Amino acid sequence: MVDLDRILANLLENAMTYGDPPVEIATGMQHGKWTMTLRDHGPGIPDDQIDHALQPFVRLDAARGGDAHCGLGLAIVRRLARRNGGTLSVANAVGGGLLVSLVFS
């Protein structure tokens, strides 16, 4: 599935660029739905900025990433998840880092 490859590539690129290792990926099935989570151990995103970070062309720290990043990674992930019957949630993990969860029907 091309969309799943793109979702995972975007999430991994974000985790490797803005987070800290280790980057943990888990897949599974809960209540008849497929799940995928990705967690890094970096600084996360300020809670009041998470919704903003999911918008297209938003870069929370313009000093990061230079010209190579345009702020589409999480917006693309959310769009592709929705297109495939899924939902995306982003939160700061307990103990640090960013936790991204996807659930597909």
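## Notes on a predicted α/β chain

Gly73, Leu74, Ala75, Ile76, Val77, Arg78, Leu80 and Ala81 are the buried residues of H3. That is where I would start reading this structure, which is a predicted model. My points follow.

1. **The covered helix.** H3 spans residues 73–83, and 8 of its 11 residues are buried, so "mostly covered" is a fair description under the cut-off of under 20% relative accessible area. What lies over those buried positions? The cover includes helix H1 (2–18), helix H2 (50–53), strand S3 (86–92) and strand S4 (98–104). Just after the helix comes glycine 85, with a positive phi near 75°.

2. **The overall layout.** It may help to step back to the whole chain here. The chain holds 3 helices and 4 strands, and in sequence order they read α-β-β-α-α-β-β. Of its 105 residues, 36% are buried. Among contacts with a separation of 6 or more, 48% are between residues 24 or more positions apart. The chain exposes about 6400 Å², and carbon and sulfur atoms supply 55% of that area.

3. **The S1–S2 hairpin.** Strand S1 (residues 24–30) and strand S2 (residues 33–39) run antiparallel and are joined by 7 bridges. If you want to trace the pairing on screen, two pairs will guide you: isoleucine 25 has leucine 38 as its bridge partner in S2, and methionine 29 has tryptophan 34. The hairpin has 2 residues between the strands, and histidine 31 takes a positive phi near 55° in it.

4. **S2 on to S4.** S2 is also paired with S4: these two strands run antiparallel, with 6 bridges between them. Threonine 37 is a handy marker for this pairing, as it stands opposite serine 101 in S4.

5. **Threonine 35, a buried residue in S2.** Threonine 35 lies in strand S2. Is it buried or exposed? Its relative accessible area is 16%, so threonine 35 counts as buried. Setting aside neighbours within four places in sequence, threonine 35 is in contact with Ala26, Thr27, Gly28, Met29 and Gln30, and also with Leu102 and Val103.

6. **The nonpolar core.** As a general point, nonpolar side chains tend to be buried together in soluble globular proteins. In this model the largest nonpolar core has 20 residues, and the members that touch the most others are Ile7, Leu11, Leu88, Val90 and Leu102. H1, S2, H2, H3, S3 and S4 each supply at least two residues of this core. Which element gives the most to the core? H3 does, with 5 residues.

7. **Two core residues up close.** Leucine 102 sits in strand S4. It has 1% relative accessibility, and therefore leucine 102 counts as buried. Not counting residues up to four places away in sequence, leucine 102 touches Ile7, Leu11, Trp34, Thr35, Met36, Val77, Ala81, Thr87 and Leu88. Leucine 102 and threonine 27 are 75 residues apart in sequence, yet their C-alpha atoms are 9.4 Å apart in space. For valine 90, again leaving aside neighbours within four places in sequence, the contacts are Ile50, Leu54, Leu98, Leu99 and Val100.

8. **The salt bridge.** How many salt bridges does a search of the whole structure find? The search finds 1. Arginine 83 pairs with aspartate 3, and their closest N and O atoms are 2.7 Å apart. The pair links distant parts of the chain, since arginine 83 is in helix H3 and aspartate 3 is in helix H1, 80 residues apart. The two partners sit in contrasting surroundings: arginine 83 is exposed, with a relative accessible area of 54%, whereas aspartate 3 is buried, at 14%.

How values were computed: Residues are numbered from 1 along each chain as its sequence is written. This is a predicted model: local features need pLDDT of at least 70, side-chain atom pairs count only at pLDDT 80 or more; totals for chains, interfaces and linings use all residues. Side-chain values use heavy atoms; hydrogens and water are left out. Buried means under 20% relative accessible area, exposed over 50%, partly exposed in between (1.4 Å probe, protein chains only). Contact means heavy atoms within 4.5 Å. Two strands pair if DSSP finds at least two bridges between them. A salt bridge is a side-chain nitrogen of Lys or Arg within 4 Å of a carboxyl oxygen of Asp or Glu. A nonpolar core is a set of buried Ala, Val, Leu, Ile, Met, Phe, Trp, Tyr and Cys residues joined through side-chain atoms within 4.5 Å. Accessible areas come from the Shrake-Rupley method with a 1.4 Å probe; for residues, only the protein chains shown count as cover.
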